[in-house]
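Here's a walk through a two-chain model, strand by strand and core by core. Have the structure open while you read.

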Amino acid sequence: MNKWVKLGVVLVPLLMLGACGSTGGAKKGGGAAAPGGTPSTDSSASTSPFGSGSGVDVTPLPGAGGGDTMAAMDPLNDPSSPLAKRVIYFEYDSNTIRPEDRATIEAHAQYLAQRGNVKVALEGHADERGSREYNIALGERRANAVRDVMSLLGVASSQVSTVSYGEERPAVLGDDESAWRMNRRVELVYSGQ
Amino acid sequence: MPKLILRLFAAASLLLLANSAHAVLSFEITKGVVDALPIAVVPFGVTGDPLLPVDVAEVVAADLKFSGRFAPLPRKDMLSRPSEGSQVNFRDWRLVNVESLVVGKVNRMGVGYVVQFQLFDVFRGVQLAAYSVRSDADGLRRAAHQIADIIYETLTGEPGAFSTRIAYVTVENLADGKRRYALEVSDADGYDPKVIVNSAQPLMSPSWSADGNRLAYVTFENKRAQIYVQDLQSAQRQLLTSFEGINGAPAWSPNGRELALTLSKDGNPEIYVMDLASKQLRRVTESLGIDTEPAWSPDGKTIYFTSDRGGSTQIYRVAASGGRAERVTFEGSYNARVSVSPDGKYLAMITRDNAGDHIAALNLQNGALQVLTDGRFDESPSFAPNGRMIIYATRAAARRGVLAAVSVDGRVQQRFSAREGEAREPVWSPLRQ
């Protein structure tokens, strides 16, 4: 969390600067770089809303080595990236992905497909109604639904793990729909985050 | 009559507080039968050491009251206090309308005790039972439960379940937003709770072995679902399953040799049976839906389970050897989490209506489904080993999870209250062997 905040503060102005320069070019470059898995400085372009990519000149921070530059570029740490959204919500007793969540899952899938070494855990949850073990099964269905979309979008199965906590770890305590809808969810947890 | 709240006291075992004489679980009877049998349990006489750690007669009376079938006479209404049969004047007890009378004595014997008691039919003026129960130094409470079992069985013709235990999960929401989960075992009256295992990650679905010596449970301590089996005496535990996906809903077979469980390793949740000696798995369900929460029939031949294969969530049954499953419940949109009565005639389950999730009992002989409770979030029913009561989880004020029990006919209800945090997923142990 500390790192996330720090990077957010330091880097956002830098990326914004780059985005002003070239918008269309960045997207094109990112798209081409993705399938080959070329250096991450390029591939990060397509998932960043600011279009920081091959067409953009990013200056490493003083004293930062190559590895640090890569970390600095990681759109996962960009609070305005679609990747900042890490929770997908579901309707009651449903594992259908809602249309409004597709873009989020696609952004994560794209990010993962471009980085074979990055792993994500999909944690499925349910609201408190119904039996506990049934809710474990329901949470797994939801995690699997997100996993299956990611898989279709080219994410390797080795990058994605699923676990269901059912109703055991509610995000919000409460016994009405306002709490329940926050608890019927899949959380995307990147390793090391 | 004032609502009787028994404050039960127990040392919080792991906190090691010398002065922690507080109840971790207490219970109150929220609904009793009107025709409870009036009984008097006279304070037991003491020879030798006058300072006993346990008031035996008080524990016996509390047990009998807890069953909902007895109304013990308050001590202040007792006209005399005999401690052996020769001192009993039946007229004293007929005057206060007591039908049964228990008198007894506690004798110090070496480092332990010998408790003698007699049970009388007041109106006929005859002795119905007389026993001597030995206990070691810290076994006096257990002896009291055994005495209550004998009295209960003598007067009702059914075995008592006071010497049994319950396992349940507690959860504490900590100030820093984290949670603390624990699996605890206490006496059936809520006394003497002991933490079996605790974790910052969820613990779920405890299941007693047939001999009452071990518990199987689900833990997420390794950030995935795993089933462990733990010996209660030694606290030694063994990792049983850690497959990809769900490892859940363990259910010990009546003969103790197998464990039914839910695994999703082959794609979606299915019921399997593991031979505990060889660790061989046999798959018993086959559907595209959710199959989970297996529960054995007492003869070990049938497994009841929850499935949404037909569109709504219902109870099904399948031969323990596998094969075609058939649907058991047809009323309502959601029936789940079966507990089978010890005689195999009833299924306790969660059933849903517009007001929420309640506990219901399905009579397997005539197909009648009786809703027994009226909570919104009642769940995890578990039959007492004598089949009289069903313990389950419900909600008290402020969403707090507490344990409660209801008789199979719905006429008796009790509530256990955890002093702190929440209690859930109660499971009643087998009778002590």
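## The sheet in chain A

Ala121(A) has Val189(A) as its bridge partner in β4(A). Keep in mind that this is a predicted model. That pair belongs to the match between strand β2 (residues 120-125) of chain A and strand β4 (residues 185-190) of chain A, which pair in the antiparallel sense over five bridges. Zoom out and you get an open sheet of four strands, ordered β1-β4-β2-β3 (chain A), with mixed pairing. At its edges sit β1 (87-89) and β3 (160-166) of chain A, each pairing on one side only. From one strand to the next, the twist averages 20°.

What packs on this sheet? That's α6(A), which touches β1, β2, β3 and β4 of chain A, and its direction makes about 155° with that of β3(A). Helix α6 (residues 132-152) of chain A is also where you'll find Asp148(A). Is Asp148(A) buried or exposed? Neither quite: with 13 other C-beta atoms within 10 Å, it counts as partly exposed. Its C-alpha atom is separated by 13 Å from that of Ala113(A), and the two residues are 35 apart along the chain.

A word on confidence: chain A has a mean pLDDT of 73, and 62% of its residues reach 70 or more. Residues 1-71 of chain A are the stretch to treat with care, as the pLDDT there is below 50. Even so, the model gives this stretch 89 contacts beyond near neighbours in sequence.

## Strands late in chain B

Now over to chain B and strand β26 (residues 356-363). Six of its eight residues are buried, so β26(B) is largely enclosed by the rest of the structure. Here's how β26(B) links up on either side in sequence:

| Strand joined to β26(B) | Bridges | Direction |
|---|---|---|
| β25(B), residues 346-353 | eight bridges | antiparallel |
| β27(B), residues 369-371 | three bridges | antiparallel |

β25(B) and β26(B) make a hairpin with two residues between them, and Ile350(B) has Ile359(B) as its bridge partner in β26(B). The hairpin of β26(B) and β27(B) has five residues between the strands, and Gly367(B) there takes a positive phi near 80°. Ala360(B) is the residue that stands opposite Val371(B) in β27(B).

## The cores

Why look for nonpolar clusters at all? In soluble globular proteins, nonpolar side chains tend to be buried together. The largest nonpolar core here has 124 residues, and the ones touching the most other members are Val56(B), Val60(B), Val102(B), Ile147(B), Ile151(B), Ile303(B) and Ile390(B). Helix α3 (residues 140-156) of chain B gives this core its largest share, nine residues. Leaving aside neighbours within four places in sequence, Val56(B) is in contact with Phe44(B), Gly104(B), Val106(B), Val115(B), Leu140(B), Ala143(B) and Ala144(B). Apart from that core lies another, of 18 residues, including Ile105(A), Val120(A), Met150(A) and Val186(A).

## Where the chains meet

How many residues does each chain bring to the contact? Chain B brings 28 residues and chain A brings 17 residues. On the side of chain B that touches chain A, at least two residues each come from β12 (203-208), β16 (247-252), β20 (291-296) and β24 (335-340) of chain B. By type, that side of chain B divides into 12 nonpolar, eight polar and eight charged residues.

Technical notes
Residues numbered from 1 in each chain as written. Chains lettered and ligands numbered in written order. Contact = placed C-beta atoms within 7 Å. Nonpolar A, V, L, I, M, F, W, Y, C, P; charged D, E, K, R; others polar. Buried ≥ 20, exposed ≤ 12 C-beta atoms within 10 Å, placed from the backbone. Pairing = 2+ DSSP bridges. Core = buried A, V, L, I, M, F, W, Y, C linked by C-beta atoms within 7 Å. pLDDT = per-residue confidence, 0-100. Axes fitted to C-alpha atoms, helices over the stretch in contact; angles between N-to-C directions.
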